[in-house]
Amino acid sequence: MSRSQNDSADPRMIFEADDVAVHFGGVKAVDGLTFGLPEGKIIGILGPNGSGKSTLVGAITRHVPLTRGTLKFLGKDYAGDEPHLVPHRGIARTFQTVRLLEERNVLENVLLGTDSLTAGGRAARRLGQERAEQAMARTGCDHLAKVRPDELSYGNRRRVEIARAIAMEPKLLLLDEPTAGMGRAEKEEISTLMLSLRAEGLTQLIVEHDVQMMVDTCDSLLAMNFGKLIVEGEPREVVRNPAVQEAYLGKQAVKHA
Amino acid sequence: MQELLNTLTLGSIYLLFALGMALAWSTIGILNFAHGAIFVFSAFSAHIISEHVALSMPVLILISVLVGAAMSALTQWLAFEQILKRSTNHRSAEMRVLIGGIGVAAIPIAIVDKATASAPFGFANSTYKTEVYESMGLRMTNTSLIVIITGVGIAVALTLWLRASRRGLGLRAIGVDSETASLMGVNRTAMALGTMAIAGGLAGLAGALQVFQLQAMGVATGDQLLIKAFAMIVLGGLGSMAGVIFGAFALAGAETLIFAAKLGTWVDAVSFGLIFLVLLVRPQGIFGRQEVRRT
Amino acid sequence: MMAWYTANAVVVQATMTTLLLALSIQLPLRVGVFSFAGVGCFGIGGYTAAILYTKFDVDTWPAVALGTLLAGGLCYLLGLIIHKLSGLYLGMATIAFSLIVAVAATNGGSLTGGASGIFGALGGITNLHVLLLLALVVAGLAISEYGRFGRMIDTVREDPELAAALGINVGRYRKLTFLASGLIGGLAGAVTTLLRSTITPAEVNFHMVVVALTVIIIGGSSSWLGALIGAIVITWLPTVLSFVADWESIIYGFLVALAAIFLPGGVLGLAKDLIHRWRARRRPTPPAPPASEAEKIPGGEPSSPATERSLASTQGGTS
């Protein structure tokens, strides 16, 4: 799969943000972002802490009120949606800090991804069960079905959360620092999982600090600073860009670029 | 004019009570539901001792303040601190602190209720004598004067102290953000105990003054005052001491007017209704900073 | 058996009515709505039924039904207005609501009987009737604790933002909770009043909040079963141990405080925990994952969530 830079020939945009801004009082957390997510690609957002990445994810899922701008998903403006309607449109997310129900076992936590998106009844329950089991198998936590989250390692908690999002069978998956706190081997597994989801056509937006992982996994990168988009394009080029190095990497050279 | 005077007296007692509650709530985030019980029990302790020895007003007040401070600090140490230690998230901690406070409150209230057989108690044996001054058709007692001076004096002093001192700064820092506070070298556990002791002392002070002012106190007074204090704090805006002062006198004024209009049985509805009105119309209160109080 | 029942019919009845009241407070707590409006609804239901029965010659069951519906309706309206308030603010607003009901009852003139309340409202309700109504309520609540419905309610309580991100309409859950809580509270009030023949404003006060909380906190707030345990404990304890009857309030106070500190899940939560641990010990270690994944085995690394999850660690300062 070649990483073509040919924007105009790219498949249609599954998601479009136009001049999106989120201000908290005087703080411009996100300030006039315009970008699109091409269908079936993995797009990464790069930026130093406090550059507005997580606020942007919150804006896309409609948890954060917009100051201005429009959001389109599958061509429809959904900026006026309440947060709970967004998953029904086909957008799922994970959180920067893992959020699970500690009193419920892993299987039930993953089932939660299907609960409100499937109707009641026996057939739907069986369908939900199947989806949850598949999602757990893909993320490698199927052997933990009966274990409670508080007995899991940090990396496994992350997996359960990703499994829950996959069980929602979204068209767009937002991953907020999915490999934070993981070792190299675990990061590679997540990377592999993302690539296999892309092969099935799932569009993914990932916020991550590990530049190497981003370069290896993403089709293109958006670099943010002070709530604004500074560069976007092919990962290696974005990482090499002086403005990005200045903002995000300081004076350090990027060995792998 | 007489109404204004009554408002000032009633408001001053409300104020002392509510200040303690607001202090603990806005700085260390503890809404102490035992505050009303502490108010009653400290006054009751002074009453018990005054049964045996004839004591002067300052001594009775001191006893009440000390008992209040001790009870409040003890509640913080034995109950609230333990709950915070065992809580996994803020919301459940808040709920457990409230429920724990309700449980703790039931204990002293039940003791007083049993000891007094539900009858009001007073400081009949005290050496203090009430004097009445009358001028220009206004009736004023020396007790009212003491109550007003103490209430307003302490409120102003506390507000200034919170604004100025380093300790106050640390406290307010906890109120805003406990992490920042710990970076500033504020020892939260000790600070919390101290804050709760001050809050309890204020409840004790309010309790003793209320008994002097009204000659008696009923065991149910505490719970009512608790809800009223909540109304005052919400009206003024949590985190603002000036707001509490405003809230206390506003509520006292409204209640005095209701009494003057011979609608005494409706008097509690004022504070209850006020809670609703403020939370719906201006949830951050009149003096409050913009604060997110909604889920 | 029959002899035992005849001797204890009154206590059985008290257990059932206490349970109904407690359920009306427990349901909102389980959904994460910190509402005590159930106590006010108890008053609304009780007064409505008593007034209809004594002053307007309405039969027992229509009076109970109207009291229940009126309480449910008013509570739903209350919910529409205040469901967005958070935590403590919602709790205090609902306490204020309940106390306003008492003030209104005190000032209701001849309709509500003022401070002395209403007497002589002895309806034709038997313990069997109460048991059937209770079974109905419990069945409804049991459904809401089971399967996907139960999971979604748990999420709405534990993490509303997560719930919304999973597609759950949190606002609707919170509003419907007010309706259900109001219906149960109203039913509890109507049934209790027509059983005891009397209701006074003094009953609808803070003490009732404490009793309901005691039941829930001791038994456990996660399930109706917890409320049943709690109701049995607090109605039977005084009959079994006479010193408990003398020091009732003090003992309840201690129990509530202790449970809030050490047993947030109540007796039921403790039992569930023990069962889970026992099962976990019997369960063989999870099927060995492929060798390359060896590092993922649970417990393979010191679990950081445990440290993350204590509030004391962020609030403990530099002590």
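How much area is buried between domain 1 of chain A and domain 2 of chain A? It comes to about 1,200 Å², with carbon and sulfur atoms giving 60% of it. Keep in mind that this is a predicted model. Here's a quick tour of that contact, and then of the one between chain C and chain B.

**Inside chain A**

- The domain assignment splits chain A into domain 1 (34-90 + 171-257) and domain 2 (100-169).
- Their C-alpha centres sit 24 Å apart, and the contact draws on 18 residues of domain 1 and 13 residues of domain 2.
- The rule picks out 3 salt bridges across this interface.
- A:E189 pairs up with A:R159 in a salt bridge, where the closest N and O atoms are 2.8 Å apart.
- On the domain 1 side, α2 (86-89), β7 (172-176) and α6 (184-199) of chain A each chip in at least two residues, and α6(A) gives the most, with 6 residues.
- That domain 1 side breaks down into 9 nonpolar, 3 polar and 6 charged residues.

**Between chain C and chain B**

- Here 54 residues of chain C meet 55 residues of chain B.
- The two chains bury about 4,900 Å² between them, 74% of it on carbon and sulfur atoms.
- Salt bridges number 0 by the rule, while 3 residue pairs are in polar contact (both at pLDDT 80 or more).
- Elements of chain C giving two or more residues to this side include α3 (60-82), α4 (87-106) and α9 (206-219); the top contributor is α4(C), with 12 residues.
- Sorted by type, the chain C side has 34 nonpolar, 13 polar and 7 charged residues.

How values were computed. Residues are numbered from 1 along each chain as its sequence is written. Chains are lettered from A and ligands numbered from 1 in the order in which they are written. This is a predicted model: local features need pLDDT of at least 70, side-chain atom pairs count only at pLDDT 80 or more; totals for chains, interfaces and linings use all residues. Side-chain values use heavy atoms; hydrogens and water are left out. Contact means heavy atoms within 4.5 Å. Buried area is the accessible area (1.4 Å probe) that two parts lose on being put together, summed over both. A salt bridge is a side-chain nitrogen of Lys or Arg within 4 Å of a carboxyl oxygen of Asp or Glu. A polar contact is a pair of N or O atoms within 3.5 Å; within protein, one must be able to donate a hydrogen and the other to accept it, and residues adjacent in sequence count only if both atoms are side-chain atoms. Helices (H or I, at least four residues) and strands (E, at least two) are DSSP runs, numbered from the N terminus. Ala, Val, Leu, Ile, Met, Phe, Trp, Tyr, Cys and Pro count as nonpolar, Asp, Glu, Lys and Arg as charged, and the others, Gly among them, as polar. Domain bounds come from an automatic or database domain assignment.
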